[in-house]
Number of protein chains: 2
Amino acid sequence: MFRNRKIVLDSRPIDKVSPGNFRLVEDTLPAPGPGQVVVRHHYLSLDPYMRGRMSDAKSYAAPQPLGETMIGGTVGEVVASENPRFAPGDFVVGMGGWQLYGSSDGRGLNKVDVKAIPLQAYLGPLGMPGVTAWWGLNTIIAPKAGETVLVTAATGAVGSVVGQLAKLAGARAIGVAGGPEKCIYATEELGYDACVDHKSARFAEELKAAAGKGIDGVFENVGGEPFLQALRRLNDFARIAVCGLIASYEGPTTPLPDMRIFLVRRIKVEGFIVSDHLDAWPRAIGELAGHAAAGRLRWRETVRQGLDSAPQAFIDLLHGGNFGKMLVKMI
Amino acid sequence: MFRNRKIVLDSRPIDKVSPGNFRLVEDTLPAPGPGQVVVRHHYLSLDPYMRGRMSDAKSYAAPQPLGETMIGGTVGEVVASENPRFAPGDFVVGMGGWQLYGSSDGRGLNKVDVKAIPLQAYLGPLGMPGVTAWWGLNTIIAPKAGETVLVTAATGAVGSVVGQLAKLAGARAIGVAGGPEKCIYATEELGYDACVDHKSARFAEELKAAAGKGIDGVFENVGGEPFLQALRRLNDFARIAVCGLIASYEGPTTPLPDMRIFLVRRIKVEGFIVSDHLDAWPRAIGELAGHAAAGRLRWRETVRQGLDSAPQAFIDLLHGGNFGKMLVKMI
């Protein structure tokens with residue numbers, strides 16, 4: 001028996017998410033039955049996609065049901081197992097949700113190697129955000145050496161990997177981030193050739209200067225005004241990978257004002273969800289792990305302490321209050 | 001010496017093209033010099049892209065210079081040649097422009113076989129419009145059997161080929177056209193499974209009914225309100241080939257109101273210009289000629305008589321006054 005604590009969705013946000021949309025529930029988890037495994041979660045991943053699940057608008061995934069544990073990626077340690085694939089002491093990554101313990105039949109649970117890689121990296125550069133970066137950059141943008149790739153939320157869990165992979169591919173990488181501290185990190189630590197602060201009053205001019213000969217690929221995580229400015233800097237045959245539009249999740253929609261740009265510049269825009277491409281995950285994680293082991297991949301985390309901090313941490317994530325991957329440490 | 005007549009661009013349209021933007025010029029064409037060839041044009045092709053060239057807004061191609069012969073595709077007969085590749089009596093397709101005779105060094109001029117195919121078809125289904133249809137459908141939409149493809153300007157020079165190729169690929173084809181006569185032709189002659197009249201007051205409902213289980217591919221020639229309605233009917237992973245936006249060339253721009261559809265439905269939108277893909281032309285024309293020879297490809301023409309009719313014919317084309325390929329017969 002395990003004393004569990006979990007956070008459920010109590011009500012759907014009308015406009016912006018508030019702490020009152022969540023509710024903490026305590027209960028007990030029985031010892032595992034045949035085939036089952038219980039995981040003590042060490043870290044919970046907070047990711048922008050969760051905002052979509054909290055609404056009941058039609059989307060690619062079913063909405064998060066009210067009264068049930070919030071969906072979320074987790075890493076942790078197996079503490080009890082009646083499943084031959086797992087033994088106590090194994091470290092695993094899975095979709096355990098916003099709770100201290102997860103119980104499952106082992107499907108969707110994968111063992112990870114923590115000898116050289118910190119456990120929580122499997123929620124970041126070697127997990128869903130890393131694969132998202134890899135897939136969108138390599139299959140939609142497919143940058144050629146010498147091309148210029150723009151990455152919004154450039155220092156976030158996804159964007160930071162995109163920028164580094166673009167540089168490894170021989171492209172110029174330009175970041176867009178919120179505030180000078182993130183921009184300095186982008187250029188000095190992540191290797192971006194330039195980074196433009198979207199909070200700057202001179203954003204449009206600074207983006208134009210940073211873009212140089214124009215932009216060939218956009219990895220879009222944010223939307224809003226910076227996206228509209230980026231459209232003005234596109235070169236012919238530019239590719240835009242639409243990964244997220246966090247500025248619109250609780251703000252005005254991001255339009256594309258004039259479809260004619262598709263003709264004039266022969267632009268491609270493609271949205272994607274990494275979970276549609278599960279077959280690519282092993283290769284992507286293999287490559288990312290190789291880069292990490294060779295010291296070619298850097299990342300940064302914002303770690304909040306304790307399950308109770310998750311609602312506010314999530315709200316902060318939606319408004320740029322994270323620096324790198326947003327995690328909740330639960331042990 | 002040939003007595004030539006040609007139409008030059010006299011002024012740029014402020015808003016809508018008017019006959020006064022064009023001017024007829026008469027001059028003489030000398031006998032060909034070494035390497036040169038003179039072609040008597042039989043047909044001039046009128047195409048929507050010409051509207052873009054008449055403006056000096058930045059676009060993929062340089063604007064049509066004022067005072068020079070309007071650009072345009074032509075088919076005709078070689079009447080004098082000092083070029084070993086061509087002999088009098090050869091039929092050729094090229095970009096001869098809005099004039100009775102064309103003189104060139106032979107570059108961009110291609111001989112055509114008129115034994116089984118009418119000469120002017122090389123300006124239509126076996127020419128630029130046909131290749132445009134082939135390229136956009138096969139490389140951007142790439143319909144799978146059983147999928148549904150929507151084609152706007154469904155009976156036009158490009159759209160009519162798209163619909164027939166989509167059917168040959170095993171897809172359902174839905175057309176959008178202006179007026180009941182074009183819609184009847186679309187379903188009864190071109191083989192569309194359904195056709196919706198964009199002039200209908202009940203267009204949105206009729207499109208919804210025609211779309212059935214939703215739309216997997218859109219071949220967009222028009223833009224405007226029908227495009228916005230089509231967005232509402234898209235299935236996940238739909239592909240939109242943006243070939244033209246004729247409704248916006250002299251009307252309001254076509255926006256994409258909310259980029260979020262790219263995420264929610266994982267949509268791809270890609271604009272293209274067939275002249276970027278010259279390497280695909282021989283294969284495309286080969287396949288189209290095969291379909292034509294086997295009786296699998298139908299088309300229709302609107303033929304205006306005489307070079308002087310070209311300006312008004314072009315204006316009519318921009319407003320749907322054509323039925324199928326718009327041609328000017330010049331002999």
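This passage looks at the two domains of chain A and then at one helix of chain B. The model is predicted, so local features are described only at pLDDT of at least 70 and side-chain atom pairs only at pLDDT 80 or more, while totals for chains, interfaces and linings use all residues. Residues are numbered from 1 along each chain as its sequence is written, and chains are lettered from A and ligands numbered from 1 in the order of writing.

Chain A splits into domain 1 (2-124 + 300-329) and domain 2 (128-275), with bounds taken from an automatic or database domain assignment. Between the C-alpha centres of these two domains of chain A lie 28 Å. Where they meet, twelve residues of domain 1 of chain A are in contact with 14 residues of domain 2 of chain A (contact: C-beta atoms, placed from the backbone, within 7 Å).

In chain B, helix α9 covers residues 281-293; helices here are DSSP runs of H or I with at least four residues, numbered from the N terminus. Its 13 residues reach 18 Å from first C-alpha to last, close to the 18 Å expected at 1.5 Å a residue (1.5 Å times one less than the number of residues). Ile285(B), Leu288(B), Ala289(B), His291(B) and Ala292(B) of α9(B) are buried (20 or more other C-beta atoms within 10 Å of a residue's own, against 12 or fewer for exposed, with C-beta atoms placed from the backbone). They sit on the same side of α9(B) because they cover an arc of only 160° around the axis, taken from the directions from the helix axis to the C-beta atoms. On the other side of α9(B), Pro282(B), Gly286(B), Gly290(B) and Ala293(B) are exposed.

Conventions
Contact = placed C-beta atoms within 7 Å. Helix = DSSP H or I, 4+ residues; strand = E, 2+ residues; numbered from the N terminus.
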